[in-house]
Amino acid sequence: MKVRLEVKKGADKGKVFEFTGHDIFLFGRSELAKCHLANDNFVSRFHFLMEINPPKVWLKDLGSKNGTFVNGVKYGGRIVPDPHDLGMKKLPPSDAGNNHNSILFETEIFNDDEICVGDNSIYVTVRNNRKPYERSLKSESDSYGLDIESLLNIVSTGKPDVISAIPDYEIVRKIGEGGMGTVYLARGLVSSGNVAIKIIKPEQELNQKIVKRFREREMVIVKSLEHKNITHCFDVDFRNGLYYIVMEYINGNDIQQIITRKGPFGVQEACRIIVETLEGLSYLHTHNIIHRDIKPSNIIISKDNKVKITDFGLAKDITNTNSLTKSSEYAGTYPFMPPEQLYNFKHCNFSTDVFSVGATLYYMCTKKYPHDYPKGKDVMLVNIQDPVIPVENRGVKIKQEIADVINKAVSLKMNERYQTAKEMQQALIEAVSII
Ligand SMILES: Nc1ncnc2c1ncn2[C@@H]1O[C@H](COP(=O)(O)OP(=O)(O)OP(=O)(O)O)[C@@H](O)[C@H]1O
Ligand SMILES: [Mg+2]
C-alpha cells in the first residue's frame with residue numbers, strides 16, 4: 001500500500017510525504033512532527049495525525065486551533081461555531097473544541113481526498129498495491145460455519161462446549177478480558193497441566209500473511225525465551241475460526257487489579273517488583289525484543305510472589321490493533337506510552353520500554369499517571385506536548401533518589417532516559433539501597 005501526500009497550495013507548497021505500509025505520522029508546525037509544516041502560522045504545533053493501517057487510512061485532528069478540513073468538512077478545531085448559524089445552544093467555553101458529541105475529530109481518508117490545514121491544501125493519493133484485506137476472520141472458511149456473531153459470543157462468554165473446539169485443551173474458566181482478546185484458564189488434554197489461552201476477539205482484523213510469517217519466524221524466538229520474570233509462551237495457532245496464544249498460566253493478580261482493589265503500593269514494595277520486572281525486560285532487550293506494551297495489567301504477581309511480564313508484543317504484532325487513532329479502546333494504554341510511539345512510531349528503542357516501566361512505577365507509588373489528562377483534551381496531545389509532573393509532587397512520601405530514577409525514566413526525550421532496562425535497574429537498586 002502506498003500513500004502519497006502532496007502540498008499543492010499554501011506556504012508549504014511542493015512538500016511531498018510518502019508512506020508505504022503501516023505507519024503513524026503527525027502533521028504540524030512542531031519540529032517533532034514527522035510531517036513538518038513549518039511555514040504556516042495557522043497550522044498548530046501538533047495539528048493532526050494520520051495513520052495508515054492497511055487497507056485503511058485514518059485522520060484525527062488533535063484539537064488544533066483552526067481545525068482540519070477534509071473535502072471541505074471540518075474536523076476538530078477550537079473555534080466555537082456561531083450558535084445562530086447552527087441553530088444550537090452555545091457550548092460553554094471550557095468545552096469549546098473538545099466536545100466530542102458535537103465536533104467530529106476523526107475520519108477515514110480515501111484516494112483523491114483534499115486535506116486543508118491553514119493555507120495548505122494537501123492532495124492524497126492512495127494506492128493499494130496488494131489485494132486489500134488479505135484475510136480477516138470474518139471471511140475465514142475454516143470457521144466450522146460459525147458466523148461472526150457466534151464467534152464473538154463464544155469469545156466473550158467463554159461457552160466451554162464450543163471453545164473446546166481448540167484442540168488439545170479444555171477450557172476451565174474465563175480469567176479476564178482486554179482490548180484485543182479474552183484470556184482463559186485451560187487444561188492440557190495431551191500434556192496435562194494448566195495454561196492460559198488468549199483468544200483474539202474475532203472482530204480484530206487479522207492479517208493471515210502476518211500471522212503465518214509470525215508463526216514461522218518470530219514464534220521460534222518467542223518459544224525459546226525462558227526467564228523467571230517472563231510468562232512463557234508455548235504457541236500461537238489458528239483453528240476453527242479462532243486465533244489464539246497458549247502461554248504459561250500465572251496464578252495471581254496483575255498490578256492494575258491490585259491497585260484497583262487496594263490502592264497504591266508502598267514505595268519499597270513497588271521498587272522490588274519493578275527491579276524484578278526490569279530483570280525480565282532486560283532479558284528481552286538482550287534478545288533484541290522491545291516489549292512495547294509494558295503497563296500495570298501486563299505485569300502479574302503470582303500467589304507465590306513472583307513477578308511475570310506478559311504480552312510482549314505478541315498480539316500487537318499480528319493484529320492491526322496498534323491502531324492509535326481509535327483512542328477510546330486503548331485509553332488504558334496511553335498513560336504508559338511515550339511520545340515517540342506516536343511521532344516516531346518506527347523508531348522505538350529499548351528506552352521506549354524504559355518509559356513505560358517508569359510510568360508503571362510512578363503509577364504504583366501514586367495511583368497517578370506521569371501526566372494529568374484535563375477533561376476534554378486529546379490524550380495523545382497531552383502525551384506529546386505536556387510536561388511530565390515530577391513524581392515527588394504527587395502527595396506521596398518518596399525519597400528523592402527514587403523519585404529521580406522515576407523522573408529520568410519517564411523523560412519525554414528518549415536520549416534523556418536510561419537507555420536499557422539494565423541501566424534503569426542498576427540505578428533503582430542503588431537508589432533503594434541508599435535509603
Ligand atoms: N498468562 C496469564 N496467566 C494468568 N492470567 C493472565 C495471563 N495473561 C493475561 N492474564 C490476565 O488476563 C486478563 C486479561 O488480559 P489481557 O492481556 O487480555 O488484557 P489487558 O492486559 O488488560 O489489556 P490489553 O488487551 O491492552 O493487553 C488480565 O487480568 C491479565 O492479568
Ligand atoms: Mg495484557
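Two strands pair if DSSP finds at least two bridges between them. Helices (H or I, at least four residues) and strands (E, at least two) are DSSP runs, numbered from the N terminus.

The model is predicted: local features need pLDDT of at least 70, side-chain atom pairs count only at pLDDT 80 or more, and totals for chains, interfaces and linings use all residues. Residues are numbered from 1 along each chain as its sequence is written, and chains are lettered from A and ligands numbered from 1 in the order in which they are written.

**Exercise 1.** Determine the strand order of the open sheet with mixed pairing, and the bridge partner of Lys60 in β9.

*Solution.*
Step 1. The sheet has 5 strands, in the order β4-β3-β5-β6-β9.
Step 2. Its edge strands, each pairing on one side only, are β4 (35-36) and β9 (106-108).
Step 3. Strand β6 (residues 56-61) runs antiparallel to β9 and is joined to it by 3 bridges.
Step 4. Within β9, Glu106 is the bridge partner of Lys60.

**Exercise 2.** Describe the open sheet of 6 strands, and state which residue of β10 stands opposite Val70.

*Solution.*
Step 1. The order is β2-β1-β11-β10-β7-β8, with antiparallel pairing.
Step 2. At the edges are β2 (16-20) and β8 (73-75), each of which pairs on one side only.
Step 3. On average, neighbouring strands of this sheet are turned by 25° against each other, direction ignored; axes are lines fitted to C-alpha atoms, for helices over the stretch in contact, and angles run from 0 to 180 degrees between N-to-C directions.
Step 4. Strands β7 (residues 68-70) and β10 (residues 114-117) run antiparallel and are joined by 2 bridges.
Step 5. Ile115 in β10 is the residue opposite Val70.

**Exercise 3.** Explain why strand β16 is described as largely enclosed, and identify its links to β14 and β15.

*Solution.*
Step 1. A residue is buried if 20 or more other C-beta atoms lie within 10 Å of its own, exposed if 12 or fewer, and partly exposed in between; C-beta atoms are placed from the backbone.
Step 2. Because 6 of the 7 residues of β16 (residues 242-248) are buried, this strand is largely enclosed by the rest of the structure.
Step 3. Strand β14 (residues 194-200) is antiparallel to β16, with 5 bridges between them; Ile199 has Tyr244 in β16 as its bridge partner.
Step 4. Strand β15 (residues 233-239) is also antiparallel to β16, through 6 bridges, and Val236 stands opposite Ile245.
Step 5. A hairpin is formed by β15 and β16, with 2 residues between them; Asn240 in the turn has a positive phi of about 50°.
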